[in-house]
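Q: I'd like a close look at one part of this model, and then a walk through whatever else helps me picture it. Please keep it informal.

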Amino acid sequence: MLENWFILLPEIFLLGFFVVGGLVAKFRKVQTPKTFASLAQIFLVAVILFSIVFYNKSAFPLLWANTPLSTIFKTFAYLMAWAWFYLSSKWFLNKNRPSFKFYAVCFALLFGFDILASATSLISLAVIIPFICFFYRRLILRHWDTERVEPIAKAYGFFAAVFCLLLWLGVYIIYIQTGSFEYAIIRDFYAAEKNFAPTSLLAVVMIIGCFMFLLSLVPFHLWFIAAISEAVLPVCGFITLVPPLIYIGALINLMKGCLVAFTDFVAPLLCFFAVLSLLIGAFSANSENNIRKKFAFLSIYCIGFALTGMVHFSGSAVIASFAYMIIAILSLAGVYTVFLGLKSKGEYISDITYISGFYRLRPYMSAALLIFMFSLIGLAPTLGFFGYLSIINNLVADNSWFLMGVLLISLLFVASACFQVIRIIYFEPLVSKFDRADKAIYICLFINVTFILASLINPAWLISNALVILGGIS
Amino acid sequence: MNSPFAILSLIICIPFLGMLFTLTAKEDIDKKTHNSFNVAVFSIIANLVMIWRVFMLIDETTLKLQLFEKFDWLTVPDINLVFAVDNLSLLMILAVHLVLLMGVIAVRDDIVNQKPLMVFTLLFLSMSTGLFVSADIFSFFIFFEAMLLPLFMLIGMFGGFKRPERLGGFFLYNLIGAFILFTAVLLIYKFYGSLTLDRTGDILWHQNYGWWIWPALALGFIFRIPIWPFHYWISSVSSKLRNPLVFIASSVLPLSGIYAFARFWPSNIPLEVSQYFIWLNIIGTITMLFISLIAFINRDAQYKNFAFVTVYYILYLLGIFSQDKLVLQNIGYALFGFVMVFGALEIVSNYVYRQEQLHESNSSGFLCRAKRLSFLYSFLTFAAAGFPLSAMFTNNFLILSRLLSTHIQIGVFLMLACIIAAAALIKEMFRLKTDNKECVLGKAEDMPLYQFVFMIFIVFMLIMSFIRPLWFVIDE
């Protein structure tokens with residue numbers, strides 16, 4: 001009994017933030033955004049440590065079970081959240097806005113992600129995904145001008161409700177057929193089947209469709225783009241950097257642990273939407289003048305790229321996609337850190353024309369952005385090249401020439417989109433004056449760039465252990 | 001033979017470290033501190049000393065790669081980075097270092113934005129050195145692509161383009177070439193593993209997608225060479241560059257393509273393929289003729305320099321395709337002399353152009369009054385025109401005689417193109433030497449002494465390379 005409480009420590013700390021944060025919000029006289037950021041970071045460190053300690057222990061193995069695979073995805077997501085909480089506090093300080101509710105909603109989401117990544121039962125999915133969607137909507141609404149984000153939150157809420165209903169229906173159909181919600185039982189049941197009933201396939205489509213919505217794959221991406229363009233910067237950063245890793249981890253877990261028999265059916269479906277996402281993401285990024293929207297499309301492109309690489313869910317494909325996702329998220333984290341420094345007269349800049357000649361005033365920040373963008377393009381010798389190499393080499397090994405061609409063509413469009421930003425920052429004359437950036441932004445950029453450069457010299461150092469763990473799933 | 005210590009990695013790292021130091025250097029524009037310039041010059045000279053040492057460590061009589069260094073880079077996929085050198089690669093490294101040093105010294109007084117200029121130049125130098133020491137397909141590809149990044153920034157920031165959006169095309173064009181090469185490299189890796197460059201002959205034409213791999217390799221390399229129909233993007237950028245350092249860096253880009261052909265192209269090409277070489281010769285010759293004719297008509301000295309560079313690059317490419325062992329053995333010396341000549345010529349002609357712009361004067365007759373400049377200009381123009389003044393002479397003679405013996409008609413046209421390109425340069429020299437009263441440029445505008453001394457050293461190097469190409473190597 002006591003052992004189970006210990007195993008639940010990560011979840012306890014995630015929920016514990018509400019209690020402690022709530023008490024601080026109510027009783028502490030001096031409150032700054034830094035107070036809650038520090039509190040959030042302390043709790044998150046505890047969560048990370050306990051997640052690693054109990055990486056293979058489970059209190060309720062029938063509902064969710066920690067595995068090396070789930071722990072690795074969760075740990076990276078928590079680390080991203082930790083860094084972003086620290087940076088977000090600078091935004092709240094600058095805007096002089098209260099931050100408790102933002103951190104509280106993020107912790108609720110992290111709690112949901114914790115369960116989702118480790119789910120071993122469809123009932124866990126059916127419960128936790130609506131929970132996540134509910135708090136996601138709350139997160140989008142975290143804006144001082146509610147009118148701007150309300151339509152987006154409404155649209156998101158509507159589509160989330162539709163996809164949650166589909167998820168429930170899919171889960172129900174599978175339950176009717178197999179008599180269980182447990183991944184292992186469902187996997188064994190369908191493994192014995194030679195031909196799948198249309199209802200089974202429909203159920204799988206409904207469940208996978210829900211994941212596509214969560215991952216904001218095209219054509220379910222419009223809410224994501226709208227949210228990124230209108231929501232406040234801390235929210236934009238969080239929804240770009242943290243959830244994708246968890247969703248991909250949960251999808252791998254679902255496909256390998258439960259729906260493995262449907263892999264051949266799911267692969268073309270997923271492939272189609274992944275290719276669509278990477279193409280639309282790459283094309284649309286070119287036509288955007290809003291820098292946030294541009295990178296929102298690029299993050300959709302990155303998710304499409306990662307999914308294209310792992311549609312068959314083989315061990316090597318999952319490893320390649322994981323490596324790619326980590327690198328892409330690192331680069332996007334760098335880009336969002338720079339966004340926090342793109343400030344003129346107290347306002348955060350989102351129109352690309354206002355950053356013309358930015359490098360003349362902020363050479364180091366521009367240099368960092370340059371590295372992150374070249375990494376997104378996958379140009380050697382940046383770390384991004386390693387991510388692309390992993391995925392494309394895997395496709396060549398599988399003789400997937402068409403997919404390889406599509407990836408390379410889309411990469412050209414991404415390069416073109418990034419070129420626009422580089423051109424405006426470096427080759428155009430200066431048009432605006434920029435506010436002084438916080439030291440924390442430079443520190444984070446320095447750490448990120450150092451991490452990218454050090455990993456470039458020895459990429460195995462970055463994810464060798466992760467690869468060993470992921471190698472075990474093949 | 002393995003490297004005694006990681007000396008080849010060191011010669012990649014020194015410019016890179018120089019770049020990091022330059023990043024931290026403090027620039028004071030008012031006091032003209034030249035901090036970043038000093039760091040850049042020091043880094044290049046330090047590396048030149050190391051390169052000199054490497055020359056003494058290798059056996060220059062053999063064509064085999066030597067001083068192998070191997071690093072485990074990735075486990076999934078299993079990729080090692082392998083470095084090694086031979087005479088050809090070392091000569092290319094030396095030439096690129098010297099020519100970029102010339103460029104750096106030429107822009108010493110360009111105070112505004114000197115720091116990023118030096119940063120990207122050192123990064124470019126580090127990446128191009130990496131390309132020339134690469135001894136396996138993956139490290140070769142990584143550095144082949146990595147050269148683009150600093151070059152693109154150099155051209156965009158310092159090329160003086162009024163409409164920088166056009167550079168996007170140049171960037172994407174080069175990226176397409178890199179992706180085609182990437183595909184070929186992955187195919188090679190799939191069937192042959194991480195091949196070292198001395199084993200490219202193992203890639204079979206008739207098996208394992210050989211018919212895809214070889215054309216993809218050739219296409220990837222040829223994207224870097226301004227041969228028709230690939231000439232547009234390079235010529236549209238290079239011929240308009242007004243910064244000598246950037247022009248030199250952009251002219252090193254085709255060198256990477258030529259070097260790649262010299263390194264990869266196997267000797268055992270089947271007849272079905274080699275029969276198509278005649279078409280390549282014809283296309284190359286037509287390109288050379290057209291570009292040299294345009295240069296002859298064009299009044300812009302920069303275009304004449306660009307045409308000279310292009311014509312000779314194509315000549316060397318055709319020399320490599322001739323599959324003549326003697327030509328292949330000596331191509332390094334020819335390229336060494338050629339790179340030095342075009343770099344030095346760009347420095348002096350750009351110096352004239354800058355004085356012309358500064359004093360808003362016609363430069364006709366300028367050389368009558370500027371003795372230092374006159375000597376350098378004349379020497380370099382004659383060296384470029386093919387007079388026996390540098391290593392270019394002997395080796396160009398070899399290549400042309402080989403091409404003449406294979407196809408007399410093509411050989412004649414090739415010679416004609418070279419003569420027209422040379423005539424264009426000589427015509428420009430005579431314009432500068434014919435006195436003109438409208439020219440207000442005089443003795444006071446002559447080349448500064450420090451730059452002249454360095455250029456004399458380059459002239460000395462060129463003459464010595466004609467007498468004995470590896471005169472500076474002391475056998476141990």
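In which loop of chain A is A:Pro219 found?

A: Keep in mind that this is a predicted model. A:Pro219 sits in the loop of chain A that runs between helix H9 (198-214) and helix H10 (222-230). What makes the spot worth a look is its backbone: the peptide bond from A:Val218 to A:Pro219 is cis, with omega near 10 degrees. Most peptide bonds are trans, and most residues other than glycine have a negative phi.

Another cis bond turns up further along the chain. A:Ala380 and A:Pro381 are joined by a cis peptide bond, with omega about 5 degrees. A:Pro381 is also a loop residue, placed between helix H17 (363-377) and helix H18 (383-397) of chain A.

Now for phi. A:Asn96 isn't a glycine, yet its phi is positive, about 55 degrees. Look for A:Asn96 in the loop between helix H4 (68-95) and helix H5 (100-118) of chain A. With a relative accessible area of 67%, A:Asn96 counts as exposed, because the cut-off for that is over 50%. A:Lys345 is another non-glycine residue with a positive phi, near 50 degrees. A:Lys345 lies in the loop between strand E1 (343-344) and strand E2 (347-348) of chain A, and A:Lys345 is exposed too, at 78% relative accessible area.

From the loops, let's go inside. The largest nonpolar core holds 406 residues, and the members that touch the most others are A:Phe85, A:Ile129, A:Phe238, A:Ile355 and B:Phe338. Helix H15 (residues 315-341) of chain A gives the largest share of this core, 19 residues. To see one of those well-connected members up close, click on A:Phe238: leaving out residues up to four places away in sequence, its contacts include A:Trp84, A:Phe85, A:Leu109, A:Phe113 and A:Pro243.

Next, where the chains meet. Here 38 residues of chain B are in contact with 39 residues of chain A. Together the two chains bury about 3400 Å², and 80% of that is on carbon and sulfur atoms. On the chain B side, B:Trp73, B:Leu149 and B:Phe179 lose the most area to chain A, together 18% of what that side buries. The rule finds 0 salt bridges across this interface, but there are 6 residue pairs in polar contact. Several elements of chain B give two or more residues to the side touching chain A, among them helix H1 (7-24), strand E1 (66-74) and helix H4 (114-133). The largest share of that side, 13 residues, comes from H7 of chain B.

H7 of chain B, residues 167-192, also has a neighbour worth seeing: the buried residues of H8 in chain B pack against H7, as well as against helix H5 (137-146), helix H10 (244-264) and helix H12 (277-297) of chain B. Those buried residues of H8 include B:Ile213, B:Trp214, B:Leu217 and B:Phe221. The length of H8 checks out as well: at 1.5 Å a residue, its 13 residues (210-222) should span 18 Å, and the end C-alpha atoms are 18 Å apart, which agrees.

One last stop is B:Ser36, found in helix H2 (residues 35-57) of chain B. Its relative accessible area is 0%, so B:Ser36 is buried. Around B:Ser36, again leaving out residues up to four places away in sequence, you'll find contacts with B:Thr22, B:Ala25, B:Glu27, B:Gln114, B:Lys115 and B:Met118.

Conventions:
Residues numbered from 1 in each chain as written. Chains lettered and ligands numbered in written order. Predicted model: local features only at pLDDT ≥ 70, side-chain atom pairs only at ≥ 80, totals over all residues. Heavy atoms only, no water. Helix = DSSP H or I, 4+ residues; strand = E, 2+ residues; numbered from the N terminus. Expected span 1.5 Å × (residues − 1). Buried < 20%, exposed > 50% of the residue type's maximum accessible area, 1.4 Å probe, protein only. Contact = heavy atoms within 4.5 Å. Core = buried A, V, L, I, M, F, W, Y, C linked by side-chain atoms within 4.5 Å. Buried area = accessible area lost by both parts, 1.4 Å probe. Salt bridge = Lys/Arg side-chain N within 4 Å of Asp/Glu carboxyl O. Polar contact = N/O pair within 3.5 Å; in protein donor to acceptor, adjacent residues only side chain to side chain.
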